[in-house]
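Okay, thanks for coming, everyone. I'll put the structure up and then we'll walk through a few pieces of it together.

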Amino acid sequence: MAPKRIFLRFSADKSEQPIIYRLVKDYDLIINILKANVNPQKEGTMVLEITGDRYSEGLDYLRRQGVGVQPLIEGITRNEERCTMCGACTAICPTGALYIKRPEMEVYFKEDNCIVCQLCIKACPMRAMEVQF
Amino acid sequence: MSAQKTYAEINAKIKAGKAVVVTAEELIALVEEKGLSKAAREVDVVTTGTFSPMCSSGVFLNFGHPAPRIKMHRVWLNDVPAYTGIAAVDAYLGAAEVPENDPLNRHHPGEFRYGGGHVIQELVERKPIRLRATAYGTDCYPRRELNTTITLDDINEAILFNPRNAYQNYNCAVNLSSRTIYTYLGVLKPNLGNAHYSTAGQLSPLLKDPHFQTIGLGTRIFLGGGIGYVAWHGTQHFPAIQKDETGRELGPAGGTLAVIGDLKQMSARWLRGTSYLGYGATLSVGIGVPIPVLNESIARWAAAKDSDLYAPVVDYGEAYPNRIPGTLGYVSYAELKSGKITVLGKEVPTAPVSSYPLAREIAQILKSWIQEGKFLLTEPVQLLPSPADGLKPKVLG
Ligand code: SF4
Ligand code: SF4
């Protein structure tokens, strides 16, 4: 299973508890701490990369402990089955990541140019543009 | 020798596997290469295509009777209400209908994630659909409530009947206002930020037979991946030839088709639930119409190129919603497809909301059906009103 990134927010009382340890020990997750910060009020934020089959159970555990959990947006993908190449996204996308090849009028998505602004997500009438967490 | 052919002659050639069938794009190339007269003599059928959101679409359903019987008074399919003010277990599900608890535009722009068009797509995909009905009960139809699950194969009939499809031409929409607007032509950025248009231009069925010389009641067509028929002219059918101030002809606009076909033989690739941000739910429909080349005049119209066909540029910020007449000028489909046009001296990026690649695929599929002898042409029982009839829209008081 590919690693997933999540953003955690702890209140002061939670910063003291061995939450990460439990994730590893009870849920068999491989944890990579990408960023961690504790502010003067002892509130913590953390960005984790998590790998393991019991990922969603682990997240449920965190939520039960009162930890704020938010998946980080990994990127935008296009669902090729759903896309009808209508073109309605192409003048909305600010970077040209979604563009029309002429004269064929075929619509392509160049991921490298995508800045994850998410404007296309709702503007696409076929709901073909998807956020990946 | 002029190229006079009859429907019967063309059908005989189709049956013999000898008909010459080209797509509208291919006809354009052929006319450029060989000239109109030669192309008109050689070609028997020209195929066209369009794939676009078409709100005036829906399906007549007959569910069959449960035991005990019911006279449905209200009916919902996956929570989307259908109209059942017709016989006991008949209903009409409209593509633009949304569930009663949909937030609509309360948090503008609403998303309209699910509606009648999505139910139609799921029916065609043979997905199970929740059917709920209420009734007041009669002596012959005593049941008052029904909660069950159906699939397309479980019910008696599902007849796609779309009162207005395949719009001949459409406005090119821009926004002169200073806020983003959410329209049936997509999201329009403020201050002429973008321009959206919605036909396949040189491939689009009604742009290829502007005088309705061949398309009429009973014309057999590609509809939603299956076979359908032209049932009538569409609602708001006001065909005309556009002209600028100098009287120069700018191609046709205003025609529409009402179409009908058995939903059970259609495919979800060509009927797709669609969600217009801030506007509503709808259905994208694939339609392809064959044009028999009965004579040179029909071939000439069918060979119209993107550079011969024009769309009026209209402001959807102020003019369109308030029905203020006039346009911001005309642009050709060749210009629209180039990716930018000039409006009020400003360069504006363009984008279609109708799929040209799928329109092309439809024209190709229809071409192969005819070449394989699977699809014969029908002579219309009656032709549709043409620009010569001078039909004009009314304004509601
Ligand atoms: S708007 Fe959606 S369906 Fe249309 S081309 Fe863009 S991604 Fe594809
Ligand atoms: S997220 Fe933004 S940049 Fe990326 S494809 Fe969508 S509109 Fe373009």
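**A strand in the middle of things**

Let's start in chain A, where strand β1 (residues 4–10) pairs with β3(A) through 7 bridges, the two running antiparallel. Before I go on, a reminder that this is a predicted model. If you want a spot to click on in that pairing, A:L8 sits opposite A:M46 in β3(A).

Now, β3(A) has another partner. Strand β2 (residues 30–38) of chain A is joined to β3(A) by 8 bridges, and that pairing is antiparallel too. Here the pair to look at is A:V38, which faces A:G44 of β3(A). β2(A) and β3(A) form a hairpin with 5 residues between the strands, and in that hairpin A:K42 has a positive phi near 70 degrees.

So is β3 of chain A mostly covered or mostly open? Mostly covered: of the 8 residues in strand β3 (residues 44–51), 6 are buried.

Zooming out a bit, chain A splits into domain 1, covering 4–71, and domain 2, covering 75–132. Going by C-alpha atoms, the centres of those two domains of chain A are 33 Å apart.

Okay, ligands. What surrounds ligand 1? You'll see plenty of familiar letters there: A:C83, A:C86, A:C89 and A:C124 are among the residues around it, and so are A:M85, A:M126 and A:M129. The shell of ligand 1 counts 10 nonpolar residues and 2 polar ones, with no charged residues.

Ligand 2 has 13 residues around it, and the ones that come nearest are A:C93, A:C114, A:C117, A:Q118 and A:C120. By class, the ligand 2 shell holds 11 nonpolar and 2 polar residues, and again no charged ones.

Last stop, chain B. Which residues touch the most other members of the largest nonpolar core? That core has 69 residues, and the answer is B:V46 and B:C172. The biggest contribution to this core comes from helix α7 (residues 356–371) of chain B, which gives 8 residues. There's also another core, lying apart from that one, with 47 residues, including B:V80, B:L93, B:V119 and B:L263.

Let me go back to B:V46 for a second. Setting aside neighbours within four places in sequence, B:V46 is in contact with B:V22, B:T23, B:A24 and B:L27, then with B:V289, B:P290, B:I291 and B:V293, and also with B:A302.

That's my tour, so go ahead and spin the model around.

How values were computed:
Residues are numbered from 1 along each chain as its sequence is written. Chains are lettered from A and ligands numbered from 1 in the order in which they are written. This is a predicted model: local features need pLDDT of at least 70, side-chain atom pairs count only at pLDDT 80 or more; totals for chains, interfaces and linings use all residues. Side-chain values use heavy atoms; hydrogens and water are left out. A residue is near a molecule or strand if one of its heavy atoms lies within 4 Å of it. Ala, Val, Leu, Ile, Met, Phe, Trp, Tyr, Cys and Pro count as nonpolar, Asp, Glu, Lys and Arg as charged, and the others, Gly among them, as polar. Domain bounds come from an automatic or database domain assignment. Buried means under 20% relative accessible area, exposed over 50%, partly exposed in between (1.4 Å probe, protein chains only). Helices (H or I, at least four residues) and strands (E, at least two) are DSSP runs, numbered from the N terminus. Two strands pair if DSSP finds at least two bridges between them. A nonpolar core is a set of buried Ala, Val, Leu, Ile, Met, Phe, Trp, Tyr and Cys residues joined through side-chain atoms within 4.5 Å. Contact means heavy atoms within 4.5 Å.
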